[in-house]
Amino acid sequence: MSDITLALERSIAAPPTAVWSVLTDIERSATVLSGVTRVERLAGVGYSIGTRWRETRRALGAESTEEMEVVGIDDGRSTIIASETHGMTYRTEFTLEPMPSEAGVHTLLRMRFSGTLLSPSWVQRVMAKLTAPAGMAMTRKMMRQDLDDIAAAAER
């Protein structure tokens, strides 16, 4: 069970193949995602289960680096990325759905983020409850920006 879960979606005026290409191009993500300042591949070639990288993001005036790993792929349709840091495990799932429209095929991109405390003490649980609203607001803002950045890159 997740301690936190957020789900957002965005319609993108591009076919799923274009969106998938943006999502799975790890090296290019630092130029696509405005919140990401650096990416360093650690393992894997291309985009496959077990591909790992370090991603540095800027948020609230500070940089934070997390190690990410691809843990699930349904090629062209969905992917799951996992990370573990600061006593929490995180999962981000992207799902692509083609949407026919008058202007051609669009993509509905869904992003679902979840986080779970690992072996939390009662103090950590209390602190998590106290800080959850601010953390959720910041995470939602970052997710919305990522979706907008992915859309902009796929629509080019």
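**Exercise 1. Pairing around strand E3**

Task: In this predicted model, determine which residue of E4 stands opposite Arg52, and place that pair in its hairpin and in the sheet.

Solution.

Step 1. Arg52 stands opposite Glu69 in E4. A further pair between the two strands is formed by Trp53, which has Met68 of E4 opposite.

Step 2. These pairs belong to an antiparallel pairing of strand E3 (residues 52-59) with strand E4 (residues 62-74), which comprises 8 bridges. Strands of a sheet pair through backbone hydrogen bonds, in either the parallel or the antiparallel sense.

Step 3. E3 also pairs with E2: the two run antiparallel and are joined by 6 bridges. Within E3, Glu55 is the bridge partner of Val39.

Step 4. The wider arrangement is an open sheet of 7 strands with antiparallel pairing, in the order E1-E7-E6-E5-E4-E3-E2. Strand E1 (4-12) and strand E2 (36-43) are the edge strands, each pairing on one side only. On average, and with direction ignored, neighbouring strands of the sheet are turned by 25 degrees against each other.

**Exercise 2. Leu60 in the hairpin**

Task: Describe the position of Leu60 in the loop between E3 and E4, and decide whether Leu60 is buried or exposed.

Solution.

Step 1. The hairpin of E3 and E4 has 2 residues between the strands, and Leu60 adopts a positive phi there, near 55 degrees.

Step 2. The cut-off for an exposed residue is a relative accessible area over 50%. Leu60 has a relative accessibility of 77% and therefore counts as exposed.

Step 3. Along the chain, Leu60 and Met138 are 78 residues apart, while 8.8 Å separates their C-alpha atoms. Both residues recur in Exercise 5, among those that line the second largest pocket.

**Exercise 3. The buried side of helix H1**

Task: Identify the buried residues of helix H1 (residues 16-23), and explain why they lie on the same side of H1.

Solution.

Step 1. The buried residues of H1 are Pro16, Val19, Trp20, Val22 and Leu23.

Step 2. These residues cover an arc of only 160 degrees around the axis, and therefore lie on the same side of H1.

Step 3. The general background is that an α-helix has 3.6 residues a turn, so residues three or four places apart point the same way.

**Exercise 4. The largest pocket**

Task: State the volume of the largest pocket, and establish which element gives the largest share of its lining.

Solution.

Step 1. The volume of the largest pocket is about 1400 Å³.

Step 2. The lining consists of 47 residues, of which Tyr90, Phe113, Met138, Thr139 and Met142 are the closest to the centre of the pocket.

Step 3. Two or more lining residues come from each of H1, helix H2 (29-32), E3, E4, strand E5 (78-85), strand E6 (88-101), strand E7 (104-117) and helix H3 (122-155).

Step 4. H3 supplies the largest share of this lining, namely 14 residues.

Step 5. Sorted by class, the lining holds 26 nonpolar, 11 polar and 10 charged residues.

**Exercise 5. The second largest pocket**

Task: List the residues that line the second largest pocket, and find which element gives the most to that lining.

Solution.

Step 1. This pocket has a volume of about 190 Å³.

Step 2. Its lining is made up of Ser34, Gly35, Arg57, Arg58, Ala59, Leu60, Met138, Lys141, Met142, Gln145 and Asp146.

Step 3. E3 and H3 are the elements that give two or more residues to this lining. H3 gives the most, with 5 residues.

Step 4. The classes represented are 4 nonpolar, 3 polar and 4 charged residues.

**Exercise 6. Accessibility and C-alpha separation**

Task: For Ala30, Ser64 and Arg38, assign the accessibility class and give the C-alpha separation from Glu55, Thr37 and Ala151, respectively.

Solution.

Step 1. The partly exposed class lies between the cut-offs of 20% and 50% relative accessible area.

Step 2. Ala30, located in helix H2, has a relative accessible area of 24% and is therefore partly exposed. Its C-alpha atom is separated by 8.3 Å from that of Glu55, 25 residues apart along the chain.

Step 3. Ser64, in strand E4, is partly exposed at 34% relative accessibility. Ser64 and Thr37 lie 27 residues apart in sequence, with a C-alpha to C-alpha separation of 9.7 Å.

Step 4. Arg38, in strand E2, counts as partly exposed with 46% relative accessibility. The C-alpha atoms of Arg38 and Ala151 are separated by 20 Å, and the two residues are 113 residues apart along the chain.

Conventions:
Residues are numbered from 1 along each chain as its sequence is written. This is a predicted model: local features need pLDDT of at least 70, side-chain atom pairs count only at pLDDT 80 or more; totals for chains, interfaces and linings use all residues. Side-chain values use heavy atoms; hydrogens and water are left out. Two strands pair if DSSP finds at least two bridges between them. Helices (H or I, at least four residues) and strands (E, at least two) are DSSP runs, numbered from the N terminus. Axes are lines fitted to C-alpha atoms, for helices over the stretch in contact, and angles run from 0 to 180 degrees between N-to-C directions. Buried means under 20% relative accessible area, exposed over 50%, partly exposed in between (1.4 Å probe, protein chains only). The arc is that of the directions from the helix axis to the C-beta atoms. On a 1 Å grid over the protein atoms alone, a cavity is a set of points where a 1.4 Å probe fits but cannot get out, and a pocket is an open set with protein on both sides within 12 Å along at least five of seven lines; lining residues have an atom within 4 Å of a point. Grid points are joined across faces, edges and corners, and a volume is the space filled by probe spheres set on the points. Ala, Val, Leu, Ile, Met, Phe, Trp, Tyr, Cys and Pro count as nonpolar, Asp, Glu, Lys and Arg as charged, and the others, Gly among them, as polar.
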